[in-house]
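Reader: I would like to go through this model step by step, beginning with its strands and ending at its metal site. Could we look at it together?

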Amino acid sequence: MTDTLLSAALAALAADAEMQRDFAALCDFGGRRAGTPGEAAAINFARARLAAIDAAATVEQVAYAGWRCSVAELAIADGMQLACNPLLGSASTAPAGLSAEVVDLGRGAPQDFARHAREIAGRCVLVRHEYPFSAVHIHRRRKYGWAMEHGAAAFIIANPLPDAGPLAGSSGRGGGVGIPAVATDFESAARLALKGSGLARVHLRVAGEDYAAQTGVVLLDLPGLSNERIALSAHLDGHDLAESALDNATGVAVVLAVARAFAPLLAKCRRGLRVCLFSAEEWALAGSREYLDRLPASARAAIALNINLDTVGGDAHLTALTSEFPRLETFVRETAAAAGMAVATYAPLMGNSDHYNFARHGIPALRLVAGFDRPDCNIKHILTRGDTRDKLAPGEMENAARLTAALLAHALTAGEDDMAGLKQK
Ligand SMILES: [Zn+2]
């Protein structure tokens with residue numbers, strides 16, 4: 001059954017001429033930051049694309065802690081302006097801004113905070129961004145949290161790559177308490193790090209506004225023979241600096257193609273398929289959190305597996321992050337091997353995309369990601385002005401679509417015991 005299903009799906013994918021067009025259309029909407037017209041257009045587009053597969057496509061509204069910013073300025077005390085992009089949800093400074101010295105913590109690892117613990121209070125903490133997909137990465141929001149705990153006046157995160165502009169990202173504040181948080185570029189950070197006669201002093205001004213925001217989850221539910229579902233997900237939203245092409249127009253375009261390929265084949269499958277295209281992922285996973293928290297427990301229990309695609313282009317190597325479900329790791333390895341496809345696995349639970357909110361509810365969940373532990377690949381451009389469509393190489397999305405199809409075909413048809421076993425920790 002699995003082999004027949006997979007052959008039919010792979011044949012449909014090979015004949016699909018729309019995946020690259022969908023990718024380009026999503027990039028045309030720009031960065032698709034939640035709360036912008038580009039994001040709204042992407043949600044409408046995704047609904048129309050799913051409605052072309054089946055009229056049951058819907059958009060469900062979810063709430064998140066919205067935020068908009070009118071001013072974000074960073075300057076050295078002598079008046080020289082530095083690159084400055086506010087992190088989503090940054091706390092505001094006083095209207096006149098704040099003036100403070102900068103303590104450069106280098107990478108911003110726990111030992112860096114410990115070594116400088118007594119120098120942080122009342123100052124701006126400067127740390128470096130890290131390539132996000134690796135076993136040793138320390139997330140920006142953890143560094144931000146440590147800066148707050150030490151009483152920092154503000155948080156500055158720098159792009160470690162020269163000539164690449166500042167970064168985008170979320171502060172994770174989510175409408176709660178926080179400190180002003182901005183990103184800067186490599187060259188500006190080099191100026192701040194120049195100590196010589198002492199610490200650099202900066203003037204920082206951020207004027208933002210919290211508001212109760214709503215966005216959509218674009219859904220298509222395609223039943224199989226039972227009430228069980230495999231949830232196939234990706235996030236539509238992104239950041240302002242570029243096209244959010246790799247992160248995550250790639251994942252959305254592949255999900256749409258895989259859904260098209262499987263839709264005519266599901267009636268005979270043991271399980272059905274639920275496509276979930278989330279927004280506000282870049283806001284600390286707010287869209288999927290609200291969707292899953294609100295889903296009735298019986299509907300959550302019926303989701304046998306979540307396959308989440310986030311940044312599946314930009315490198316030829318794919319890794320499944322299997323969220324501490326040990327049998328899921330085996331499932332992925334065996335399924336890929338049987339299909340003659342390559343995939344690496346990484347077991348620890350990573351809170352870096354929407355699969356996390358499925359896993360948090362006990363649903364076996366994986367994120368498929370390209371470029372894991374390959375910091376020199378094109379994925380280094382995500383969250384910067386470099387995340388544009390030219391960073392995708394031919395064949396990368398097609399490769400991800402085939403692997404997704406193999407995992408999905410197995411999950412749709414596997415025996416009850418095999419799938420129930422995936423939930424075991
Ligand atoms: Zn992403």
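Reader: How many of the residues of β9 are buried?

Author: This is a predicted model, and the answer rests on its computed accessibility. In β9, Arg-229, Ala-231, Ser-233 and His-235 point one way while Ile-230, Leu-232 and Ala-234 point the other way, and all are buried. Strand β9 is therefore mostly covered, buried meaning under 20% relative accessible area, and the count of its buried residues is 7 of 7.

Reader: Which residue in β10 is the bridge partner of His-235?

Author: Strands β9 and β10 (residues 272-278) run parallel and are joined by 7 bridges. Together with α7, these two strands make a right-handed β-α-β unit. Within β10, the bridge partner of His-235 is Phe-278.

Reader: Which residue in β11 is the bridge partner of Leu-232?

Author: Strand β9 also runs parallel to β11, to which 5 bridges join it. Leu-232 is among the residues of β9 that point the other way from His-235. Its bridge partner in β11 is Ile-307.

Reader: In which sense, parallel or antiparallel, do β12 and β14 pair?

Author: Strand β14 (residues 365-370) has 6 of its 6 residues buried, and it pairs with β11 in the parallel sense over 4 bridges, where Asn-308 has Arg-367 as its partner. With β12, the bridge partner of Ala-320 in β14 is Leu-368. The pairing of β12 and β14, over 4 bridges, is antiparallel.

Reader: Which helices are included in what covers the buried residues of α2?

Author: In helix α2 (residues 19-28), the buried residues are Met-19, Asp-22, Phe-23, Ala-25, Leu-26 and Cys-27. Just after this helix, Gly-30 takes a positive phi of about 85 degrees. The cover over the buried residues of α2 includes α3 (37-51), α7 (245-262) and α12 (396-413).

Reader: What spacing do the donors of the zinc ion follow along the chain?

Author: The protein donors are His-235 through NE2, Asp-247 through OD and Asp-310 through two OD entries, lying 2.1 to 2.4 Å from the zinc ion. The spacing that these donors follow is H-x11-D-x62-D.

Reader: How many residues apart are His-235 and Asp-310?

Author: His-235 lies in strand β9 (residues 229-235), whereas Asp-310 lies in the loop between β11 (303-309) and β12 (318-321). Both His-235 and Asp-310 are buried. The pair links distant parts of the chain, 75 residues apart.

Reader: Why does the site of the zinc ion count as irregular?

Author: Four donors count as tetrahedral if all angles lie between 85 and 135 degrees. The angles among the 4 donor atoms here are 56 to 143 degrees. Because the tetrahedral range is not kept, and the site is not assigned to square planar either, the class is irregular.

How values were computed
Residues numbered from 1 in each chain as written. Predicted model: local features only at pLDDT ≥ 70, side-chain atom pairs only at ≥ 80, totals over all residues. Heavy atoms only, no water. Donors = N, O, S within 2.8 Å, 3.2 Å for Na, K, Ca; no water. Tetrahedral: all angles 85-135°; square planar, octahedral: opposite > 155°, others 65-115°. Buried < 20%, exposed > 50% of the residue type's maximum accessible area, 1.4 Å probe, protein only. Pairing = 2+ DSSP bridges. Contact = heavy atoms within 4.5 Å. Right-handed = clockwise from strand over helix to strand, strands pointing away.
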